[in-house]
Amino acid sequence: MKGNLLSGKKAGTFLLNNMVPIMFIVIGGIGIVFSGFSGTAIMNEMMTRLSRNSFLVISLLIPIMAGMGLNFGMTLGAMAGQIGLIFITEWGIVGIPGMVLAAIISTPISILLGWWCGKILNLAKGREMVTSYIIGFFVNGIYQLVVLFMMGSIIPIKSEILLPRGYGIRNTVNLIGIRKCLDNLIPLKIAGVSIPLATFILIALLCVFILWFKKTKLGQDMRAVGQDMEVAREAGIKVEETRIISIIISTVLAGYGMIIYLQNMGTLNTYNSHNQIGMFSAAALLVGGASVDKANIRNVFLGVILFHLMFYVAPYAGKNLIGEAQLGEYFRVFVSYGVITLALVMYEMRKKREGREKGEMLAEAQKEAK
Amino acid sequence: MKKEIAQSSVKEKIKGFIDSFGWPRLIIAGFLLLLFLVAPLGGISILTSISDVLMRFGMNSIMVLAMVPMIHSGCGLNFGLPLGIISGLLGGTLSMQFGFTGGVSFLVAILITVFFGTLFGWAYGVLLNKVKGGEMMIATYVGYAAVSFMCIMWLLLPYSNPQMVWGYKGTGLRTTISTEGYYLHILSDFLKIKIGNLEIPTGALLFFAFFAFLMWAFLHTKTGTAMTAVGSNPTFAKASGINVDRTRTLSVIMSTVLGGIGILAYQQAFGFIQLYMGPFYMALPAVSAILIGGASVNKASIPNVIIGTLLFQGIVTMTPSVMNSLIHTDMSEVIRIIASNGMILYALTRKSEAK
Amino acid sequence: MNKIKFTKSLCIRIIAILLVILLAVVMFIIGKQHKIYFDNKDWGPYKAYQFVEVSVDKQDSVELAKRDRDVFTVVAQGHTIHIDAMGDEKDVKIHIPLFMRDVLINIPALMNGESQDQWMEEFIVQTVTPSSADETVVTDETAGLLGD
């Protein structure tokens, strides 16, 4: 009887802890039924989206480890990656060398932006997320200043990606030279589902890197900083520096992630591609069962699959259910924001509860000492 | 010797002034002054510009005012303003749907807005009480979630006024709805003063003054001072018998209702109701305006609102015209993004004065 | 004045940065895309062929009639051109200068044994963009939310 009750309670906590993924499995299931897609079509799309987005989502992991929450400033890295892509398109560098070169160009820009972002976030301890969010907007302004006004006038750009007026990059840049070059590097098709093997190998390498990094001295320091900044400082860890490094790594990875993302898309929407990347990546990670202070690689893959399943089928399901594809589009935007809101609220409530419990325990300990 | 002392004291005074005023604010004010100075070179009439700024002041000031209560109660900057705007959109559209026209439609819209604003604000306030310390990020996402949820609702709600729904389908609200025949310019044209090129939308300014006065008066009542106390020192406030959660909820309700009324004042001058993704980023200009006016994350006053809105709208109005006429490039959008978000960043990185 | 100490880690860092720059240069060279245009036209004393077959590296060959022009897209600098002019076959190795995006090769001149700087020249594509067709730049931040 007692054991039954306990296991019931256990199941309850399991459901509560995994509420978001379970909810998404249900939404996705309903969506699949009403979208009318075949299994192969969905598998194909999921493979594409998994290879396209995983790298970006993984870039969020390290700042979470350092206790800085969801790094919405990853858009900075995305912008750096896009600048790299603009240059290789201008110079006509194609294929894998083009991607490598774009990554090399993006790296110093990412490091610089990440360093600056980390500095700012150190000034705004306790509200890193909202600050990194606003940093994204701010740097978007600078990005526009550079890409829309300085390219072609100060930075030499001559090819057809330039606006006819002579400066500024066009709305869309065709990335035909690197389109799917990584995805199709090692062609593999299993039961009608094409698998971009090379991209997955790269993602796997990144996962290995993350797992290794957690075990290094720096990784351990980051976890210590994430748990308690003051304790870490007393233990001789340079808190500020560690936090900055975590943001730099995240930004650089986001830059590479964006290059992988855009080689799959094949076109760069110069002024829009990066804007929602932070939001979609954060939402995907949270859907995978991560929280603001705890996330691992399993959350990334589960999240990308579940989130993008919903994202893919929603418009079609909306069309078949109510005759309005637009409805499905709004629905998925709502779900994206809703899930982030929910996760943030749950995190803050848990933090508050834990703080209270800690206080109670302290009080009790004092009582006993007396 | 004496001269030196005098010099250093002047220097200190200037330094103190700059410190209290803040560098970004000074730069923005200087930039606006510069714009007004060079405007005549580009053949831009100063009087027309001033009229524009005044008109935009009337349109935006109440939404900026909406920031005040939540800053006072310690809830931070209300990035969830879109929630209030949605109550205003509901007010406007429902009033039109019920068939009210002219001035009555505006009054009814305000009444409905107050109803929905109170409802939403209450729920939003209760939520924010559960997440003390993390309000701003959650507020942002509450706003976004509400806007995207309402996108679905605008499509599904059974509106039927032919001026508002898509013509070919007969259902679903349009992206923009004209307020003509309803409350277009209902405030702006009230007691409007026109001297040559200078136009003063007296009605809109009076409308703002009315709410600003109410806010000022409220902050001097017992509840108002309690709200400030909660914001500056919640523990002390609790000890002196103030119900912290209730006071915070009240501030959120006030902010949400004012956001709704603010968007109505915006629509009557602008001429259109913007639905769907329209309200998405409307919190940011309001937030940066009050910060430019001298507010911080936990301190704000009515003068902050007035100065901030004038400066912010001044920049927004003047840069496109001056830039276009002088260098034939429209960099105003970029400047606006950098200036307004830079201002928010500056405020977020300041050490909180009380806490 | 602070003296820069050449410690081990600094040296390693400098070497690493230099290696990355070197990698970037290599990527630039091996990834640079060029276009090779072929002209079957009269050149000085040499008359155009009635009919030629041209191929570059292992790409499919292209047939050019008199006064025809065609183009191959290639990556990197060194390439082998195979020309078959009515039984008169020739393999030529060419090296495209790095900063020449597009080159134009005259087949009659090449076949008659002129030097490379004679039969190969830089080809600058004249892009004619009507000035009226200026596009408006969309920087709307919500645009990315809808659509794919």
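This is a short dialogue on reading burial, nonpolar cores, surface patches and paired strands in a predicted model.

Visitor: What should I know about the numbering and the model before I begin?

Guide: Residues are numbered from 1 along each chain as its sequence is written, while chains are lettered from A in the order in which they are written. This is a predicted model, in which local features need pLDDT of at least 70 and side-chain atom pairs count only at pLDDT 80 or more, whereas totals for chains, interfaces and linings use all residues, and side-chain values use heavy atoms, with hydrogens and water left out.

Visitor: Is A:S336 buried or exposed?

Guide: Buried means under 20% relative accessible area, exposed over 50%, and partly exposed in between, with a 1.4 Å probe and protein chains only. A:S336 lies in helix α14 (residues 325-369) of chain A, helices being DSSP runs of H or I with at least four residues and strands runs of E with at least two, numbered from the N terminus. A:S336 counts as buried because its relative accessible area is 0%. Setting aside residues up to four places away in sequence, A:S336 touches A:M279, A:F280, A:A283, A:F307 and A:F311, where contact means heavy atoms within 4.5 Å.

Visitor: Which residues touch the most other members of the largest nonpolar core?

Guide: A nonpolar core is a set of buried Ala, Val, Leu, Ile, Met, Phe, Trp, Tyr and Cys residues joined through side-chain atoms within 4.5 Å. Of the 232 residues in the largest one, A:M151, A:I169, A:L285, B:F79, B:Y141 and B:I290 touch the most other members. Helix α7 (residues 135-156) of chain B gives the most to this core, with 15 residues. Apart from it lies another core, of 24 residues, including C:Y49 and C:V52.

Visitor: Which element gives the largest share of the nonpolar patch on the surface?

Guide: Such a patch is made of residues with over 30% relative accessible area and no salt bridge, with nonpolar side chains (Val, Leu, Ile, Met, Phe, Trp, Tyr) joined within 5 Å; a salt bridge is a side-chain nitrogen of Lys or Arg within 4 Å of a carboxyl oxygen of Asp or Glu. Here α2(A) gives the largest share, four residues, and among the members of the patch are A:I30 and B:L156. A:I30, in helix α2 of chain A, is partly exposed because its relative accessible area is 45%.

Visitor: How many bridges pair β5 and β6 of chain C?

Guide: Two strands pair if DSSP finds at least two bridges between them. Strands β5 (residues 78-85) and β6 (residues 88-95) of chain C pair in the antiparallel sense over eight bridges, with C:D84 opposite C:E89. They form a hairpin with two residues between them, and C:M86 in the turn has a positive phi of about 50°.

Conventions:
Patch = residues over 30% accessible without salt bridge, like charges linked within 9 Å, V, L, I, M, F, W, Y side chains within 5 Å. Areas by Shrake-Rupley, 256 points an atom, 1.4 Å probe, with all protein chains shown as cover.
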